[in-house]
Amino acid sequence: MEITSTNQEKTQSNFLKAMFENLKVKLKDMAMKTKKIGEDDPRRILHSIKVGFALTLVSLFYYFRPLYDGFGQAGMWAILTVVVVFEFSVGGTISKSLNRGGATLLAGALGVGAEYLANLCGERGEPIVLGILVFILAAVSTFTRFIPKVKRRYDYGVLIFILTFSLVAVSGARISEIMELAHQRLSTILIGGATCILVSLCIYPVWAGLDLHNLIASNILKLSASLQGFGSEFGNVVSSKDVRDKSYLQIHKSVLNSKATEESLANFAWWEPSHGRFKLNHPWKLYLNVGGIVRQCACLIEILSGCITNSKIQVVSEFEQKIQPSCVKMSMECGKALKEVSTAIKNMSSPPSSVALHLINSKAAADELKNIMENYPSSRNEADLQQIMPMLVVASILIDIIKFVEKIVVSVNELAEKAGFKQAQLLHRGIVKPVNNDDDDQLVIEIGEMKKPIGVGT
């Protein structure tokens, strides 16, 4: 019995020890993840502090008796407003604050009008009139949420409108009581929204427009790194070097899923006041155009990455050795062009003329590649074709990538022109800008008085 009791005690002790160690590991892992979240973007810590500060300010409605006597329990709406509308960016906070305040004001006014109209219809007609009005306004408001522009900018306001109007209309209170209640709630909601806006603007503001600007530049730089990585890979294939670093195969992947983030940032940026070099009429929609073309280019790079990952490309035949330098040049020149475009966006300047020169070099390599492929003997057997097929696929994708790189340059030039970016002064004061015509998009290099067009489709 004593031996059994001792074994049970040891078992329990080991179990508790293991449970404690497991808990310790989980807490350590949680602490490491929390630390990483803060290190990835320290603004998250500042945002948390700002929310706490704003809540403390509006809590004064309960801490100080004079304020509590003036608003009573309606002061709770100020706290709820801060919790609901305080967003990470200034634009997000302003958007929700104005949506909530405007919707509450409009719905409250219509609710009072509905109550007044229902009272004129007598005791029996009142519920019928209110039911009809609630049905019509709720149905129409819900339908407007399917309109893209309303969905993008005013969806939260429409929800608050439906909720507030329904609550006022079915409250059953007298109009005098509704007016007093509406005044208290609207005042506290406006105070809560104003507090959020002021705190968000005055204490380390986070601008959605700046984040969108940097995100587009960063995505283009990622494509540049991937293409230059591919160029190095092709160069090492012919020299039989083992390229161990394959990180370039993953760099572009985050670009593929950036659409939702870009659209959200562009929407919030529309609400933001003028800040820095971003004015009220800044062309945020053009950033979305650039981002869309960048994602299309990233899709081609993803296919290119799959070709390298799934098939072992080896330059063994004479034909493959001929086309390999062209593939390297196309990839490297496109990467250099995108890198300069990314730098230009970050500096808020138009792309330098050297970008167009990189495109000329890449197109020259593509033309050389086409000539080699056209002169390829058609009498080759099926085994030879299968052997060179991976390189042919890679070459074809690179030619398509050149076209999208040119489209990116054209769209960035349009953005630079509309946003008022400073002009680049490089290569004998050459600048690159888009020219619109009926045939195709073009890039124009201006050097002194001479203009040289570069057709996108040529």
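Is Cys196 buried or exposed? In this predicted model, Cys196 is buried, with a relative accessible area of 0%. Cys334 is in no disulfide, and the nearest cysteine sulfur, which belongs to Cys297, sits 7.7 Å away. A disulfide needs its two sulfur atoms within 2.5 Å, so that pair does not count. Cys334 is tucked away too: it is buried, at 1% relative accessible area. By this rule, the disulfide count for the structure comes to 0. For anyone new to the term, a disulfide is a covalent bond between the sulfur atoms of two cysteines.

Salt bridges are another story, as a search of the whole structure turns up 12 of them. One of these joins Glu39 to Lys35, with the closest N and O atoms 3.9 Å apart. Both residues belong to helix H1 (residues 2-40), where they are 4 residues apart, or about one turn of the helix. Glu39 counts as exposed, at 53% relative accessibility. Just along the chain, Arg43 pairs up with Asp41, and here the closest N and O atoms are 3.0 Å apart. Arg43 is partly exposed at 28% relative accessibility, whereas Asp41 is buried at 15%. Asp41 and Arg43 don't stop at each other: together with Asp211, they are linked in a network of salt bridges. Elsewhere, the side chains of Glu87 and Lys96 meet in a salt bridge, at 3.1 Å from N to O. Glu87 is partly exposed, with a relative accessible area of 23%, and Lys96 is partly exposed with a value of 23%.

Now for the helices. In H5, which spans residues 76-85, the buried residues include Ala78, Ile79, Thr81, Val82 and Val85. These five cover an arc of only 160° around the axis, so they end up on the same side of H5. Helix H6 (residues 90-120) is home to Leu106, a residue that counts as partly exposed at 47% relative accessibility. Leu106 and Phe161 are 55 residues apart along the chain, yet their C-alpha atoms are separated by 7.3 Å.

Finally, a look at two loops. Tyr204 is in the loop between helix H10 (175-202) and helix H11 (208-238), and its phi is near 40°, a positive value in a residue other than glycine. Met348 also has a positive phi without being glycine, near 55°, and it lies in the loop between helix H16 (318-346) and helix H17 (353-374). As for their surroundings, Tyr204 is exposed, with a relative accessible area of 60%, but Met348 is buried, at 8%.

Technical notes: Residues are numbered from 1 along each chain as its sequence is written. This is a predicted model: local features need pLDDT of at least 70, side-chain atom pairs count only at pLDDT 80 or more; totals for chains, interfaces and linings use all residues. Side-chain values use heavy atoms; hydrogens and water are left out. Buried means under 20% relative accessible area, exposed over 50%, partly exposed in between (1.4 Å probe, protein chains only). The arc is that of the directions from the helix axis to the C-beta atoms. A salt bridge is a side-chain nitrogen of Lys or Arg within 4 Å of a carboxyl oxygen of Asp or Glu.
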